[in-house]
Amino acid sequence: MSRLAAAWTVTTYGALVGALYMAFRYAPPERVMGNVQRIFYFHVAAAWVGFLAFAIVFAASIAYLRGPQRRWDRLAESAAELGVLFTTITLIMGSLWARAVWGVWWTWDPKLTTTLILWFLYAGYLLIRAAVDDPAARGRYSAVLGIAGFLNVPIVYMSSVWWTSIHPVLRGGGDMNLDPAMRLALQAAVAAFTLLFFLLLNQRLRLARLADGVRQARAGTEEG
């Protein structure tokens with residue numbers, strides 16, 4: 001491991017520990033929900049990272065369709081896997097929060113429903129990648145779905161504003177409707193999860209490059 005990678009890893013772990021401290025010790029309990037509100041920091045951070053991952057899929061997919069290079073396809077695939085992972089975390093944490101606050105594990109609230117649709121779109125993206133053997137066709141099909149799926153991200157983000165929703169609205173009057181300590185805890189969680197995402201993305205891309213190298217070596221051996 002290079003010094004840069006080691007420093008990045010240590011920084012990420014330190015940020016995660018700091019985010020845990022900010023969420024569970026620094027930030028006060030919420031006046032109505034109490035300590036269960038602390039799920040909020042990581043729920044929002046995971047949702048943000050999911051959006052970020054799908055934005056990368058969107059950009060890499062456009063780049064791939066403009067010039068079909070394996071590096072763009074590899075980036076889109078890696079980001080999509082992590083996007084599905086973090087969106088899964090978002091849904092699980094949201095369900096835990098809903099059970100504690102609303103008394104149910106799931107309700108067809110616009111925010112929850114659109115997030116679930118987003119998850120299905122990119123889970124379908126990964127299924128297409130697994131089902132299509134031809135690399136060129138796989139890249140094209142998945143790129144189109146990667147672009148189309150991202151159109152749901154602004155719908156998820158704005159769903160609580162556009163439709164009647166019981167989901168908390170993070171912003172009120174243009175500002176975060178949060179206690180200053182809670183705001184800092186949220187920012188720490190978002191920063192830590194963002195660092196973690198890029199660390200995982202870097203490792204996933206490294207594995208993808210190694211896998212490509214193995215496939216090329218095998219192809220060369222078979223031709224020889």
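## A tour of the aromatic side chains and the nonpolar core

Begin by selecting Phe24, Phe42, Phe86 and Phe193, which together form one aromatic cluster. The model on screen is a predicted one, and the structure holds 11 aromatic pairs. For one of these pairs, select Trp119 and Phe120, whose ring centres are 5.2 Å apart and whose planes stand at 80°, an angle over 60 degrees, so the pair is edge-to-face. Trp119 has a relative accessibility of 24% and therefore counts as partly exposed.

Now zoom out to the whole protein chain and colour it by secondary structure, which comes to seven helices and two strands. Followed from the N terminus, the elements run α-α-α-α-α-α-β-β-α. Along the principal axes, the C-alpha atoms fill a box of roughly 70 × 45 × 30 Å. Of the 224 residues in the chain, 42% are buried, while the chain exposes about 12400 Å², with carbon and sulfur atoms supplying 66% of that area. Among contacts with a separation of 6 or more, 74% are between residues 24 or more positions apart.

Next, turn to the interior, where the largest nonpolar core has 43 residues, and select Tyr41, Tyr122, Phe197 and Leu201, the residues with the most contacts inside it. Two or more residues of this core come from each of α1 (3-26), α2 (39-66), α3 (70-101), α4 (110-131), α6 (152-162) and α7 (180-223), and the largest share, 14 residues, comes from α2.

Which residues does Tyr41 touch, not counting those up to four places away in sequence? Showing the side chains around Tyr41 brings up Ala23, Ala27, Pro28, Met182, Ala185, Leu186 and Ala189.

From there, switch to a surface view and select Tyr21, Tyr26 and Leu184, which make a nonpolar surface patch of about 310 Å². Tyr21 has its place in helix α1 and, at 48% relative accessibility, counts as partly exposed.

The last stop is Phe198, which is found in helix α7. Is Phe198 buried or exposed? With a relative accessible area of 33%, Phe198 falls in between and is partly exposed. Leaving aside neighbours within four places in sequence, Phe198 is in contact with Trp8, Leu52 and Ile56. To finish, draw a distance between the C-alpha atoms of Phe198 and Ala79, which are 119 residues apart along the chain and are separated by 9.4 Å.

Technical notes: Residues are numbered from 1 along each chain as its sequence is written. Side-chain values use heavy atoms; hydrogens and water are left out. Rings of Phe, Tyr and Trp (its six-membered ring) pair if their centres lie within 6.5 Å; planes under 30 degrees apart count as stacked, over 60 as edge-to-face and the rest as tilted. Buried means under 20% relative accessible area, exposed over 50%, partly exposed in between (1.4 Å probe, protein chains only). A nonpolar core is a set of buried Ala, Val, Leu, Ile, Met, Phe, Trp, Tyr and Cys residues joined through side-chain atoms within 4.5 Å. Helices (H or I, at least four residues) and strands (E, at least two) are DSSP runs, numbered from the N terminus. Contact means heavy atoms within 4.5 Å. Patches are made of residues with over 30% relative accessible area and no salt bridge: like charges are joined within 9 Å, nonpolar side chains (Val, Leu, Ile, Met, Phe, Trp, Tyr) within 5 Å. Accessible areas come from the Shrake-Rupley method with a 1.4 Å probe; for residues, only the protein chains shown count as cover. A salt bridge is a side-chain nitrogen of Lys or Arg within 4 Å of a carboxyl oxygen of Asp or Glu.
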